[in-house]
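Please load the model in your viewer, with a cartoon for the chain and sticks ready for side chains. The tour moves from one selection to the next and says what is to be found at each stop.

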Amino acid sequence: MTQRYLARIYGPTNTTMKNTLPFIMLCLALGLASTAQNRAPERPSAASQKSASNPGVGDVLTNFVTAIGGTAAWEKLKSQIAKGTYENDQMGPGSHALEVYKKAPDKWLFIIRDSDGSVFRQGFNGKVGWSESGELEPGQLALFGHLFGLRSAIDLPRSLPKMKFLKKSKVGNSDAFVIEVTIIEGNPEKLYFDASSGLLIQEDFGGASLHYDDYKEVGGVKVPFTIRQEGSPNSTIRFKEIKHNLLIEDAKFDRPKRP
């Protein structure tokens with residue numbers, strides 16, 4: 001794995017929404033909950049129970065927030081460190097070490113390490129967004145700024161007027177409620193919430209489908225430990241550990257100084 005190759009994947013392109021994945025999934029899997037909770041009450045309303053086959057968007061978000069642990073539990077989180085592996089069919093066989101760091105309110109960093117010693121980093125220190133090759137462009141920073149960070153989806157409630165319930169559909173063996181939302185103008189996405197558990201299990205975004213699986217409780221909240229992208233490229237993230245509220249120095253999010 002070379003930095004030049006990774007720059008092609010994560011650098012600015014004419015198809016930014018497609019090529020900046022697979023890490024879009026990290027925010028939505030680990031951060032969407034902290035936003036949805038700000039607008040959704042903790043308990044399903046009587047109306048939502050009566051319209052289980054065709055619920056409102058607010059009811060679906062309410063059930064999701066409850067399923068992942070609730071507002072109070074998420075509000076206690078000040079930082080998150082996730083470590084695991086990343087596989088990508090365009091990068092050849094084998095897996096690569098993955099580390100993701102998040103700190104409230106908006107700092108984030110992800111690191112990919114290869115067995116040959118090469119490292120790719122991209123982050124935001126609260127003021128400057130950067131990659132190995134330089135600073136992120138405004139469009140990239142806006143996109144990543146929305147998608148990363150411990151509470152990076154804080155603006156999602158503003159999109160509620162643009163959200164709409166589409167249908168009830170099948171995802172594998174599960175029934176799912178499908179909601180359409182446009183977070184980035186011109187790129188509508190679909191979110192699939194398990195009708196039984198309330199959990200987010202699939203997302204269609206930027207020409208790819210993301211599948212969230214193996215939810216586990218960590219510090220009172222639930223997060224998916226396996227995330228698969230079906231699209232170009234196909235990729236899989238498997239977290240081995242996710243920890244909350246560990247000390248992360250602010251300097252961690254600064255761009256490393258070149259020798």
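What follows begins with the whole chain and then visits individual strands, a helix and groups of side chains.

**Before selecting anything**

This is a predicted model, in which local features need pLDDT of at least 70 and side-chain atom pairs count only at pLDDT 80 or more, while totals for chains, interfaces and linings use all residues. Residues are numbered from 1 along each chain as its sequence is written, and side-chain values use heavy atoms, with hydrogens and water left out.

**The whole chain**

Colour the protein chain by secondary structure, and eight helices and 13 strands should appear; helices (H or I, at least four residues) and strands (E, at least two) are DSSP runs, numbered from the N terminus. Of the 259 residues, 53% count as buried, where buried means under 20% relative accessible area, exposed means over 50%, and partly exposed lies in between (1.4 Å probe, protein chains only). With contact taken as heavy atoms within 4.5 Å, 53% of the contacts between residues at least 6 apart in sequence join residues at least 24 apart. The chain exposes about 12000 Å², of which carbon and sulfur atoms supply 48%; accessible areas come from the Shrake-Rupley method with a 1.4 Å probe, and for residues only the protein chains shown count as cover.

**Strand β10 and its two partners**

Select residues 200-205, which form strand β10, and note that six of its six residues are buried. Extend the selection to strand β9 (residues 187-194), which pairs with β10 in the antiparallel sense over four bridges; two strands pair if DSSP finds at least two bridges between them. Within β10, L200 is the bridge partner of F193. The hairpin of β9 and β10 has five residues between the strands, and there G198 takes a positive phi near 85°.

Now add strand β11 (residues 208-218), which runs antiparallel to β10 and is joined to it by four bridges. Here F205 stands opposite A208 in β11. The hairpin of β10 and β11 has two residues between the strands, with G206 at a positive phi near 60°.

**From β11 to a charge over a ring**

Show the side chains of D214 and K216, which form a salt bridge with the closest N and O atoms 3.9 Å apart; a salt bridge is a side-chain nitrogen of Lys or Arg within 4 Å of a carboxyl oxygen of Asp or Glu. D214 is partly exposed, with a relative accessible area of 33%, and K216 is partly exposed at 38%. K216 also lies over the face of F225, at 4.8 Å from the ring centre, the rule being that NZ of Lys or CZ of Arg is within 6 Å of the ring centre and within 35 degrees of the ring normal. Elsewhere, K252 lies over the face of Y101, at 4.5 Å from the ring centre.

**Two further salt bridges**

By the salt-bridge rule the count comes to nine. One of them joins the side chains of E99 and R113 (2.8 Å, N to O), and this pair links E99 in strand β2 (residues 96-103) with R113 in strand β3 (residues 107-113), 14 residues apart. E99 counts as buried at 13% relative accessibility, whereas R113 is partly exposed at 30%.

Next select E132 and R121, whose side chains meet in a salt bridge (3.4 Å, N to O). E132 is buried at 14% relative accessibility, while R121 is partly exposed at 24%.

**The aromatic cluster**

Which residues form one aromatic cluster? Select W108, F110 and F120 to see it. Rings of Phe, Tyr and Trp (its six-membered ring) pair if their centres lie within 6.5 Å, with planes under 30 degrees apart counted as stacked, over 60 as edge-to-face and the rest as tilted. A search of the whole structure finds four aromatic pairs. The rings of W108 and F110 have centres 6.3 Å apart and planes at 15°, so this pair is stacked. The rings of F110 and F120 have centres 6.2 Å apart and planes at 40°, so this pair is tilted. F110 and F120 are both buried, and W108 is buried with a relative accessible area of 1%.

**Last stops: α6 and T236**

Select residues 57-67, helix α6, which is largely enclosed by the rest of the structure because eight of its 11 residues are buried; among them are V57, L61 and F64. G69, which follows α6, has a positive phi near 125°.

Finish at T236 in strand β13 (residues 235-244), which is buried with a relative accessible area of 14%. Not counting residues up to four places away in sequence, T236 touches T85, Y86, E87, T226, I227 and R228.
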